[in-house]
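Reader: I have this structure open and would like to go through it with you. May I ask how each label is earned?
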Amino acid sequence: MKKKQILAMGLSAALLCAGSAFAIKAETTKVENTKPIQQEGSEQGTEAQEAQLVRVGEMASVTSIQKEADMISSMLVKTEAGQEIQLNLDMHTMVVNNETGVPATLREIKAGDKVFVYYSPAMTRSLPPQAACELILVNVGDKIPASLHEVGTVTKEEDGKYAIATQTGDMIIRADSKTAISDARTKNVIKVEDLTKGTRFLAWYDMVAMSYPGQAYTEKIVVLPAVPATVEIIDTETVSKTEVAPETMIEKAKSDESELKVAAYVTKAEMKDGKAVIAVRKAAEVLGCKVSYEQKDGKEFVTIENDTRKMTLEIGQDLYVSASSKEGMVGMTAPEKYGVAPYIADGVTYAPADMFKALVGFDVEVKDGTVTISAKK
């Protein structure tokens with residue numbers, strides 16, 4: 001099926017900067033950039049209101065794949081309309097098998113593959129144009145691709161079904177006891193009533209009522225990871241605080257000209273076995289550490305190192321210990337167990353946030369669903 005999804009919504013400046021808003025799917029070739037207008041009281045307005053384009057989704061064929069330092073960094077695709085686009089990929093670009101709803105990896109994608117891609121409408125004026133890629137659906141075949149949404153509200157209706165209104169207000173998706181809902185990363189089953197506002201999810205459906213908002217029923221929903229965390233940083237010159245995306249802070253940390261020092265890394269807590277876990281590389285690099293990965297004797301290891309300490313994690317082993325990173329210096333911490341062994345999911349290493357306690361020099365706080373890792377003063 002030939003299909004292009006153009007997705008739109010109105011955003012506040014803060015949401016736009018954070019990249020935390022998402023929009024809806026439509027069955028037509030093009031969706032007008034409109035959203036409902038609410039006048040005073042309960043009357044709905046009759047005039048269209050402009051909305052800002054935030055995501056495009058369309059079928060494409062992979063022309064080539066580019067790597068940097070043995071990591072896939074971008075891929076060149078050609079859309080069904082014949083346009084060539086370079087899609088830039090990063091640690092947040094998700095790959096999902098459209099047939100099963102199970103996460104896949106970038107390394108599974110080959111030149112010549114047919115994929116459905118969700119990417120930013122903000123493109124460079126280069127040839128070919130470049131855009132950031134949010135999500136790639138593989139194994140699409142002739143089936144309709146899953147739609148990418150964010151939860152607005154969840155309401156139980158009189159017939160027992162649940163109505164999931166998307167955050168844009170342009171779509172209502174209904175689910176019932178036959179709808180399979182699972183977490184993409186953990187595979188845990190989720191109840192529809194437990195979906196919360198802002199949750200990103202994929203929904204599979206092929207029939208949409210020609211109404212506004214559009215309405216559809218789905219038998220499968222896959223919940224995606226939360227949007228990237230923000231980082232609180234402090235400018236040593238002005239002692240002012242601000243928030244930036246982790247990627248921005250990582251690039252600043254790599255720059256010799258940067259005078260920004262991290263005050264804290266703050267992220268939404270993801271729980272596993274009752275423990276708060278974090279993406280190791282993202283947190284460590286934001287906090288000024290170097291991260292490396294290696295395989296040896298059939299085992300996998302991730303090493304985190306800064307100017308003073310060094311710690312090597314063995315994937316699958318709940319054992320955390322650090323030592324001095326300075327040559328000739330001795331100072332090893334006692335081995336600690338934090339209840340969760342390091343593990344890899346979708347190419348990302350996760351470990352309990354408390355591991356930074358073992359690295360020494362960091363405080364870790366988990367409160368109200370948020371993890372804060374700060375350098376000790």
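Reader: In the hairpin of S28 and S29, which residue takes a positive phi?

Author: Asp368 does, with a phi near 50°. The hairpin has 2 residues between its strands. Keep in mind that this is a predicted model.

Reader: What makes S28 and S29 a pair?

Author: Pairing needs at least two bridges between the strands. S28 and S29 have 6 bridges, in the antiparallel sense, so they count as paired. One bridge joins Lys367 to Thr370, which is in S29.

Reader: Which residues have the most contacts inside the largest nonpolar core?

Author: They are Val280, Ile304, Leu313, Tyr320, Met355, Phe356 and Ile373. This core has 28 residues. Strands S21, S23, S24, S28 and S29 each give two or more residues to the core, and so do helices H3 and H4. Another core, of 20 residues, lies apart from it. Leu87, Leu89, Val117 and Cys133 are among its members.

Reader: Why is Val117 called buried?

Author: Buried means under 20% relative accessible area. Val117 has 1%, so it counts as buried. Its place is in strand S8, residues 114–119.

Reader: What is Val117 in contact with, leaving aside neighbours within four places in sequence?

Author: The list includes Val56, Gly57, Met75, Leu87 and Leu135. Val95 is 22 residues from Val117 in sequence, and their C-alpha atoms are 9.3 Å apart.

Reader: How many salt bridges does a search of the whole structure find?

Author: The search finds 6. In general, side chains of opposite charge can pair when their charged atoms come close.

Reader: What makes Glu134 and Arg200 a salt bridge?

Author: The limit is 4 Å between a side-chain nitrogen and a carboxyl oxygen. In this pair the closest N and O atoms are 3.2 Å apart, so the pair meets the limit. Glu134 lies in strand S9 and Arg200 in strand S14, so the bridge ties together parts that are 66 residues apart in sequence.

Reader: Are Glu134 and Arg200 buried or exposed?

Author: The cut-off for buried is under 20%. Glu134 has a relative accessible area of 16%, so it is buried. Arg200 has 8%, so it is buried too.

Reader: Where do Arg174 and Glu157 lie in the chain?

Author: Arg174 is in strand S12, and Glu157 is in the loop between strands S10 and S11. They are 17 residues apart. Their side chains meet in a salt bridge, 2.9 Å from N to O.

Reader: Why is Glu157 called partly exposed?

Author: Partly exposed lies between the buried limit of 20% and the exposed limit of 50%. Glu157 has a relative accessible area of 24%, so the label fits.

Reader: How do you know that Glu314 and Lys299 form a salt bridge?

Author: Their N to O distance is 3.8 Å, and the limit is 4 Å, so the pair qualifies. Glu314 is in strand S24 and Lys299 in strand S23, 15 residues apart. Lys299 is partly exposed, with a relative accessible area of 41%.

Reader: What is the mean pLDDT of the chain?

Author: The mean is 77, and 74% of the residues reach 70 or more.

Reader: Where does pLDDT stay under 50?

Author: One such stretch is residues 231–241, for which the model has 32 contacts beyond four places in sequence. Over residues 256–260 the pLDDT is also below 50. That stretch has 8 contacts in the model beyond near neighbours in sequence.

Notes. Residues are numbered from 1 along each chain as its sequence is written. This is a predicted model: local features need pLDDT of at least 70, side-chain atom pairs count only at pLDDT 80 or more; totals for chains, interfaces and linings use all residues. Side-chain values use heavy atoms; hydrogens and water are left out. A nonpolar core is a set of buried Ala, Val, Leu, Ile, Met, Phe, Trp, Tyr and Cys residues joined through side-chain atoms within 4.5 Å. Buried means under 20% relative accessible area, exposed over 50%, partly exposed in between (1.4 Å probe, protein chains only). Helices (H or I, at least four residues) and strands (E, at least two) are DSSP runs, numbered from the N terminus. pLDDT is the predictor's confidence in each residue, from 0 to 100. Contact means heavy atoms within 4.5 Å.
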